[in-house]
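I opened this entry to look through one model, from overall fold to single residues. My notes follow in the order I looked things up.

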Amino acid sequence: MASGKITQTDQSTIPIDGPMPEWKRLSIERSLQGARVRAQERSDRFVAATIQLMEKHGSVDFTVQDVVDSSRMSIRTFYNFFASKDDLLVAVHETILANEVVPRLRARCEAVHDPIHRVEAYIKGIYELTDDPGPVSRALTTFGNRLAESHPDDLERAFKPQVDLIAELIRDAAATGRLHSALSTDAAAHLLHYTVLAAVHARILGTAGKANVSADELWTFCSAGIGVQVN
């Protein structure tokens, strides 16, 4: 009668080292799927609660505890996902740019046939998005200016989808043979991005005054910068 114990011979048949068996990899993956979904839902709740607070205050002048209370989760859970309030605000900034701003700008540009005029459509599209800036736009702009000094790498990461879109537009425009510039695509994309960003931030914060430029004027300036040849 079998004792039910694993003998030395039995143990030798169980692989200890070597590649993970496929069944084991699949079982681990299945066990982690639920945890990933729950983690995504919780981090999304913190982001959504923060956006609501920004809409209410028109600024980022609220505490981590305010976010925790609004999300109806614990302070311990918050720090499982974010190292600080600034870390959360970077996530909010990145989420809005990637999920709302860039898709809307891309759709605006793709509706235009001529690759040169797609770059123009990008500039005019940003102006349209900021014609009537709400409290979240003002809060993010103020925070973004602070982040440029304290966490430039985080800000660069947040803006990456937007800069990538501009680089794509300039690359397509250059492929027409109608751009004449010594700038690389990446350099032109960054320069155009930060030029447009400065003008847009001044519009959002109301600091431009008489220096506030129109979308047409900004396009005239930027088109010359990327080497558009006027026929």
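**Entry 1: fold**

I began with contacts along the chain. Among contacts with a separation of 6 or more, 72% join residues 24 or more positions apart. I then looked up the secondary structure and found 10 helices and zero strands. Read along the sequence, the pattern is α-α-α-α-α-α-α-α-α-α. The protein has 231 residues, and 35% of them count as buried.

**Entry 2: confidence**

This is a predicted model, so I checked pLDDT before going further. The mean for the protein is 86, and 87% of residues reach 70 or more. I asked which element has the lowest mean pLDDT and which the highest. Helix α1 (residues 8-11) is the lowest at 48, and α3 is the highest at 96. Over residues 1-12 pLDDT stays under 50. For that stretch I found two contacts beyond four places in sequence. Where pLDDT is low, predicted coordinates should not be read in detail. I therefore left the detail of residues 1-12 alone, with pLDDT under 50 there.

**Entry 3: nonpolar core**

Next I looked up the largest nonpolar core, which has 61 residues. F46, M54, L88, V92, Y122, L192 and V196 have the most contacts inside it. Elements giving two or more residues to this core are α2 (22-57), α3 (64-71), α5, α6, α7, α8, α9 and α10. Which element gives the most? The answer is α5, with 11 residues. In soluble globular proteins, nonpolar side chains tend to be buried together.

I followed V92, one of the residues with the most contacts inside the core. Setting aside residues up to four places away in sequence, V92 touches V47, T50, I51, M54 and L140. M54 is also among the residues with the most contacts in the core.

**Entry 4: H93**

I moved to H93, which is in helix α5. Is H93 buried or exposed? H93 is buried, because its relative accessible area of 6% is under the 20% limit. Beyond four places in sequence, H93 touches L140, F143, G144, L155 and F159. L140 is a contact of V92 and a contact of H93.

**Entry 5: largest pocket**

I looked up the largest pocket and found about 560 Å³ of space in it. Its lining takes in 24 residues. I96, V101, T130, S137 and I204 lie nearest the centre. Two or more lining residues come from each of α5 (85-110), α6 (115-129), α7 (135-150), α8 (152-174) and α9 (185-205). The largest share, seven residues, is from α5. So α5 leads twice in my notes, in the core and in the pocket lining. By class, the lining holds 14 nonpolar, seven polar and three charged residues.

**Entry 6: L179 and A224**

Then I went to the loop between α8 and α9, where L179 is found. L179 is buried, because its relative accessible area is 15%, under the 20% limit. Its contacts beyond four places in sequence are I116, I170, A173, A174, I226, G227 and V228. L179 and G225 are 46 residues apart in sequence, with 9.9 Å between their C-alpha atoms.

A224 is in helix α10 (residues 215-225). The C-alpha atoms of A224 and H180 are 9.4 Å apart, at 44 residues along the chain. Is A224 buried or exposed? A224 is exposed, because a relative accessible area of 56% is over the 50% limit.

**Entry 7: V213**

I turned to V213, in the loop between α9 and α10. V213 counts as partly exposed, because 31% relative accessibility falls between the 20% and 50% limits. Which residues does V213 contact, leaving aside neighbours within four places in sequence? They are Y127, A199 and L218. V213 and A199 are 14 residues apart in sequence, and their C-alpha atoms are 7.4 Å apart.

**Entry 8: R72**

I ended with backbone angles. R72 has a positive phi of about 60°, although R72 is not a glycine. R72 lies in the loop between α3 and α4 (75-81). With a relative accessible area of 75%, R72 is exposed.

Note on methods:
Residues are numbered from 1 along each chain as its sequence is written. This is a predicted model: local features need pLDDT of at least 70, side-chain atom pairs count only at pLDDT 80 or more; totals for chains, interfaces and linings use all residues. Side-chain values use heavy atoms; hydrogens and water are left out. On a 1 Å grid over the protein atoms alone, a cavity is a set of points where a 1.4 Å probe fits but cannot get out, and a pocket is an open set with protein on both sides within 12 Å along at least five of seven lines; lining residues have an atom within 4 Å of a point. Grid points are joined across faces, edges and corners, and a volume is the space filled by probe spheres set on the points. Helices (H or I, at least four residues) and strands (E, at least two) are DSSP runs, numbered from the N terminus. Ala, Val, Leu, Ile, Met, Phe, Trp, Tyr, Cys and Pro count as nonpolar, Asp, Glu, Lys and Arg as charged, and the others, Gly among them, as polar. Buried means under 20% relative accessible area, exposed over 50%, partly exposed in between (1.4 Å probe, protein chains only). A nonpolar core is a set of buried Ala, Val, Leu, Ile, Met, Phe, Trp, Tyr and Cys residues joined through side-chain atoms within 4.5 Å. Contact means heavy atoms within 4.5 Å. pLDDT is the predictor's confidence in each residue, from 0 to 100.
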